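Student: I'd like to get better at reading helix packing. Could we work through a case together?

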Amino acid sequence: MAKSKKQTKAQAKTDELEQLTSTESFIDQYKKPLAIGVGAIVVIILGIIGYQKFISEPHELESREAYWPAYYEFEQDSLGLAISGSEDFDGMEEIADEYSGTSGGNIANYTMALAAMDQGAFEDAIDYFDECDFEDIIVGSMVIGLKGDCYVELDDYSTAAGLFEEAASREVNEFTSPMYLMKAGLAYEALEQNDDALAAYEKIKKDWSKSEEALEVDKYIARVKN
């Protein structure tokens, strides 16, 4: 009976983590910040790169112009059309291939990764995320954290925990840091590494006491101390 109870508790922790990292839940909850973040990247890029840059790197400029129609479809939840494109515009798949290494290519790979996650192709999603190179605080950290979500889905909790820790500390901020510390804690719990989980939860309580994750963190702290 004791063994059965232990298995039930372990499964509950695993279910909790998978619910937290599920693609549908994540995209539903964070679609707006994801969209705003990518849009902000483009605005910043266009603002800081001068005329000489445009002249010397026309391929970079072309990449930014190419992805807008497909990105509009992504914002409208037309993920399939955003990926494949139409006779009127290139889809993200083609843009990612043609403009690899540019800002437009990064955004295309990012969108392709989300689409792969939505389809349950988590190894493909990781490959697409590996092609992304964002310096933006929020989106850059999310790329790392989303890779962690993929590894959770692949039952590789050790790699996932490391990525969540990296995402939380990459650029410390009140949005991604507590969110990924919580995910790291749950991944450590799935590995039965309660000391590491406790460290993650206590960091949320100490450094991010006003975050959404802090509202129930005492429950998790008590759980790993038992």
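Tutor: Here we go through two helix pairs and then one residue. This is a predicted model, where local features need pLDDT of at least 70, side-chain atom pairs count only at pLDDT 80 or more, and totals for chains, interfaces and linings use all residues. Residues are numbered from 1 along each chain as its sequence is written, and side-chain values use heavy atoms, with hydrogens and water left out.

Student: How are two packed helices described?

Tutor: By the angle between their axes and the distance between the axes. Axes are lines fitted to C-alpha atoms, for helices over the stretch in contact, with angles from 0 to 180 degrees between N-to-C directions. Take helix α7 (residues 103-118) and helix α9 (residues 137-153): their axes lie 12 Å apart, at an angle of about 25°. That makes the two helices, α7 and α9, roughly parallel (angles under 35 degrees).

Student: Which residues of α7 and α9 meet?

Tutor: Contact means heavy atoms within 4.5 Å. From α7 come Y110, L114 and M117, and from α9 V139, M142, V143, L146, D149 and C150.

Student: And at what angle do the axes of α11 and α13 cross?

Tutor: Roughly 25°, with the axes of α11 and helix α13 (residues 217-225) coming within 12 Å. M182, L186 and E189 of α11 touch V217, Y220, R223 and V224 of α13.

Student: Is S177 buried or exposed?

Tutor: Buried (under 20% relative accessible area): S177 has 2%. This residue sits in helix α11 (residues 176-190), and its side chain reaches the backbone nitrogen of N173 at 3.0 Å.

Technical notes. Helices (H or I, at least four residues) and strands (E, at least two) are DSSP runs, numbered from the N terminus. Buried means under 20% relative accessible area, exposed over 50%, partly exposed in between (1.4 Å probe, protein chains only). A polar contact is a pair of N or O atoms within 3.5 Å; within protein, one must be able to donate a hydrogen and the other to accept it, and residues adjacent in sequence count only if both atoms are side-chain atoms. Angles under 35 degrees count as roughly parallel, over 145 as roughly antiparallel, 65 to 115 as roughly perpendicular and the rest as oblique.
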